[in-house]
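Work through the exercises below with the sequence and model open. Try each task before reading its solution.

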Amino acid sequence: MGLIDEEAQRLHKLIDGLESRVKQLEKNLGAIATRNTAEEVRMILIGPPGAGKGTQAPKIKEKFNCCHLATGDMLRSQVQKQTPLGIEAKKIMDAGGLVSDDIVIGMIKAELDTNKECKGGFILDGFPRTVPQAEGLDAMLQERNKKLQHAVELQIDDSLLVARITGRLVHPASGRSYHTTFNPPTTYMRDDVTGEPLVQRSDDNAESLKKRLATYHSQTAPVVDYYRKTGIWKAIDAAQEPGQVWKNMLSILENKRRS
């Protein structure tokens, strides 16, 4: 019986030790979860069509567990869901008008309030495009006791964009983008993650691109200057291969989180 008692005591100590270790691990995980929430990413991604936003944004979303709010996709989603803002926006668009800044900012606010992915922060893509929009976004975030951390601009010469754009393929549901030459999918015209079909946008042609670039540059220059003055603007050379662009992006985001 003595040996049995000793073995039982040894097992009890072992179990107690394991339980203590499990509790400590749970405590550590809770601390990590709290820290990740506190360190949410709040950023805008600036860049002309073809600069690589569609490649970088999904990576940022996955890495930092945040939401990717592309203005066009968000607008279509709100209209499809027939939310009050979506209904109002549809009326304006059906009449040939432009959706107001207040409506777009309201949609962003609604996403931050209701989209669970946004608990880890957000990437704004396609907004703001003007200084008044940037000011309106800042005011909305200030009401939530938040502020933007990053305004990252993907810079690339216009001459390099034509080849990129004319071969671009997109997975509509996620926004993941590929290129027939520079970044082809593993299976022809199929998304690597879901296997769903890829599409080429009708306006991804040289003539359309030149018009879009002219509009982009005229609108974006003042916005870039606005964020330069706030101190959160950073530029990345988007002519580099996507892996190097991603390394530079991580360096910007991680340095801010450690500071």
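**Exercise 1. Describe the annotated lid span by its end distance and its secondary structure.**

Solution. Take residues 168–203. Their end C-alpha atoms lie 11 Å apart. The span is 0% helix and 17% strand. Helices are DSSP runs of H or I with at least four residues, strands are runs of E with at least two, and both are numbered from the N terminus. The label comes from UniProt: an unreviewed entry lists residues 168–203 as "domain: Adenylate kinase active site lid". UniProt positions follow the numbering used here, feature names are shortened, and annotations may be inferred rather than shown by experiment.

Ground rules: residues count from 1 along each chain as its sequence is written, and side-chain values use heavy atoms, without hydrogens or water. The model is predicted, so local features need pLDDT of at least 70 and side-chain atom pairs pLDDT 80 or more, while totals for chains, interfaces and linings use all residues.

**Exercise 2. Set the scene for the whole chain: how many helices and strands does it have?**

Solution. The protein chain has nine helices and seven strands. Next, burial. Buried residues (under 20% relative accessible area; exposed is over 50%, partly exposed in between; 1.4 Å probe, protein chains only) make up 37% of the 259 residues. Then contacts, meaning heavy atoms within 4.5 Å. Of those with a separation of 6 or more, 71% join residues 24 or more positions apart.

**Exercise 3. Check the length of helix α8, then locate its kink.**

Solution. Start with the expected span: 1.5 Å times one less than the number of residues. For the 25 residues of α8 (206–230), that gives 36 Å. The end C-alpha atoms are 35 Å apart, which agrees. Now the bend, the angle between axes fitted to the seven residues ending at a residue and the seven starting there. A kink of about 35° lies at T220, shortly before P222. Just after α8, G231 has a positive phi of about 90°.

Last, the packing. The buried residues of α8 include L213, Y216, T220 and Y227. The helix's buried residues pack against β1 (41–46), α6 (131–143), β4 (150–155), α7 (158–166) and β7 (233–237).

**Exercise 4. Which residues have the most contacts inside the largest nonpolar core?**

Solution. A nonpolar core is a set of buried Ala, Val, Leu, Ile, Met, Phe, Trp, Tyr and Cys residues joined through side-chain atoms within 4.5 Å. The largest has 31 residues, and L69, I108, L137 and Y227 have the most contacts inside it. Helix α5 gives the largest share, six residues. Zoom in on I108. Beyond its neighbours within four places in sequence, I108 contacts L69, M74, L124, F127 and M140. A second, separate core has 23 residues, among them L213.

**Exercise 5. Compare two residues of the annotated binding site: where do G50 and K53 sit?**

Solution. The unreviewed UniProt entry puts both under "binding site". G50 is in the loop between β1 and α2 (53–64). K53 is in helix α2. G50 counts as buried because its relative accessibility is 13%. K53 is buried too, at 17%. Now exclude residues up to four places away in sequence. G50 touches L161, R164, I165 and R168. The contacts of K53 include D125, G126 and L154. The K53 side chain also reaches the backbone oxygen of G47 at 3.3 Å.

Key. Polar contact = N/O pair within 3.5 Å; in protein donor to acceptor, adjacent residues only side chain to side chain.
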